[in-house]
Amino acid sequence: MSNRKSIRTDIAWSTPSTITVKGFDLCKDILGTLSLGDIAFLELTDRLPTTRASVVFNAIAVTLVEHGLTPSAIAARMTYTGAPEAMQAAVAAGLCGLGSVFVGSMETAARMLQEALPDSSKKVDFDQLARDIVARFHGHKQAVPGIGHPLHKPEDPRAPRLFQIAAENGFDGPYIKLMKRVAKEAEAVYGKSLPINATGAIAAIASELKLPWKIVRGVGVMARAIGLVGHILEEMREPIAREIKTRAEEEATAHLRKA
């Protein structure tokens, strides 16, 4: 008798005439009915979003599509310039940079919130939780995830808008409350302005949507892939990657050229 584990997936399967995704007929139930965000929600949660959940999930996903010439966008443009026959490689190159500093920080923030509040239905002292969280990061000389921004000051305009959308749709819950308390406590402890940034807001809202922290970064990956395709299209039409490369090289070696 074989001891091999069976190969199994519950995501999708096909027959000669049908395609079933998460139990729904692709052609009859999904096409023309679900948005890209809605099918992403279904993939991540095994359930269709309610109308309100759809608005909120789509909002956090759309937030992350575009943010200008970020390192991921530059990496994608550079890779496309070297391998224009492989657009997918350029997108992949850009996505590889979504880590603990850019975009992927939402995962760290979501983990912080969910581990501090594993049962959102229980009554807790949010002020004490925030003090404990900030003390831990401060004690390890680490930045608290989800707060602060090098450009957007005194606040990241995306955060209050996302919180407004969440509140309007019934998702203004304990994780958002805790995130706000953490930001307030961090400002007092670190002695500087540390507004909640987009990834902090998204981490809190994703937690309200019951997305496990280990998959929250995936929302950013999906969204930013769309933005990177847009950057590659612009690079095709109005290339700037070679100019970026030339200027970077000239400036970086200018001190050598003076010799």
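User: Why is Glu-168 called partly exposed?

Analyst: The relative accessibility of Glu-168 is 46%. Buried means under 20% and exposed means over 50%, so Glu-168 falls in between and counts as partly exposed. These values come from a predicted model.

User: Where does Glu-168 lie, and what does Glu-168 touch?

Analyst: Glu-168 lies in helix 8, which covers residues 158–168. Not counting residues up to four places away in sequence, Glu-168 touches Arg-52 and Arg-161. For Thr-253 the C-alpha to C-alpha distance from Glu-168 is 53 Å, with the two positions 85 residues apart in sequence.

User: What makes Gly-218 buried, partly exposed or exposed?

Analyst: Gly-218 has a relative accessibility of 22%. The cut-off for buried is under 20%, and exposed begins over 50%, so Gly-218 counts as partly exposed. Gly-218 is part of helix 11. Gly-218 and Asn-3 stand 215 residues apart in sequence and 33 Å apart in space, C-alpha to C-alpha.

User: How do you know whether His-231 is buried or exposed?

Analyst: The relative accessible area of His-231 is 8%. Buried means under 20%, so His-231 is buried. His-231 is also found in helix 11. Leaving aside neighbours within four places in sequence, the residues in contact with His-231 are Glu-66, Gly-68, Leu-69, Ala-73 and Arg-77.

User: Why does Ser-105 count as buried?

Analyst: Ser-105 has 10% relative accessibility, and the limit for buried is under 20%, so Ser-105 counts as buried. Ser-105 is found in helix 6, residues 105–116.

User: What makes the pair Ser-105 and Thr-199 a polar contact?

Analyst: The side chains of Ser-105 and Thr-199 are joined at 3.1 Å. A polar contact needs a pair of N or O atoms within 3.5 Å, one able to donate a hydrogen and the other to accept it. The pair is therefore listed as a polar contact. Apart from neighbours within four places in sequence, Ser-105 is in contact with Gly-99, Ser-100, Pro-145 and Thr-199.

User: Why is helix 2 called roughly perpendicular to helix 3?

Analyst: The axes of helix 2 (residues 36–45) and helix 3 (residues 51–63) cross at roughly 100 degrees and come within 9 Å. Angles of 65 to 115 degrees count as roughly perpendicular, so helix 2 is roughly perpendicular to helix 3.

User: Which residues make that contact, and how many are nonpolar, polar and charged?

Analyst: Helix 2 contributes Gly-37, Asp-38, Ala-40, Phe-41 and Leu-44, while helix 3 contributes Ala-53, Ser-54, Phe-57 and Asn-58. By class, the contact has 5 nonpolar, 3 polar and 1 charged residues.

User: Which residues of helix 2 are buried, and what do they pack against?

Analyst: The buried residues in helix 2 are Gly-37, Asp-38, Ala-40, Phe-41, Leu-42 and Thr-45. The buried residues of helix 2 pack against strand 2, strand 3, helix 3 and helix 11 (213–237).

User: Why are strand 1 and strand 3 said to stand at the edges?

Analyst: The sheet is open, with 3 strands in the order 1-2-3 and antiparallel pairing. Strand 1 (12–14) and strand 3 (24–25) each have a single partner strand, so one side of each is left without a neighbour in the sheet.

User: How do you know that strand 2 and strand 3 pair?

Analyst: Two strands pair if there are at least two bridges between them. Strand 2 (residues 19–21) and strand 3 are joined by 2 bridges and run antiparallel, so the condition is met. Val-21 stands opposite Phe-24 in strand 3.

User: What makes the phi of Asp-46 worth a remark?

Analyst: Most residues other than glycine have a negative phi. Phi of Asp-46 is positive, near 65 degrees, in a residue other than glycine. Asp-46 follows helix 2 and is found in the loop between helix 2 and helix 3. With a relative accessible area of 56%, set against the cut-off of over 50%, Asp-46 is exposed.

User: Where does Lys-141 lie, and why is Lys-141 called exposed?

Analyst: Lys-141 lies in the loop between helix 7 (126–139) and helix 8. The relative accessible area of Lys-141 is 81%; exposed means over 50%, so Lys-141 is exposed. Lys-141 is not a glycine, yet has a positive phi of about 55 degrees.

Methods: Residues numbered from 1 in each chain as written. Predicted model: local features only at pLDDT ≥ 70, side-chain atom pairs only at ≥ 80, totals over all residues. Heavy atoms only, no water. Axes fitted to C-alpha atoms, helices over the stretch in contact; angles between N-to-C directions. Helix = DSSP H or I, 4+ residues; strand = E, 2+ residues; numbered from the N terminus. Parallel < 35°, antiparallel > 145°, perpendicular 65-115°, else oblique. Contact = heavy atoms within 4.5 Å. Nonpolar A, V, L, I, M, F, W, Y, C, P; charged D, E, K, R; others polar. Buried < 20%, exposed > 50% of the residue type's maximum accessible area, 1.4 Å probe, protein only.
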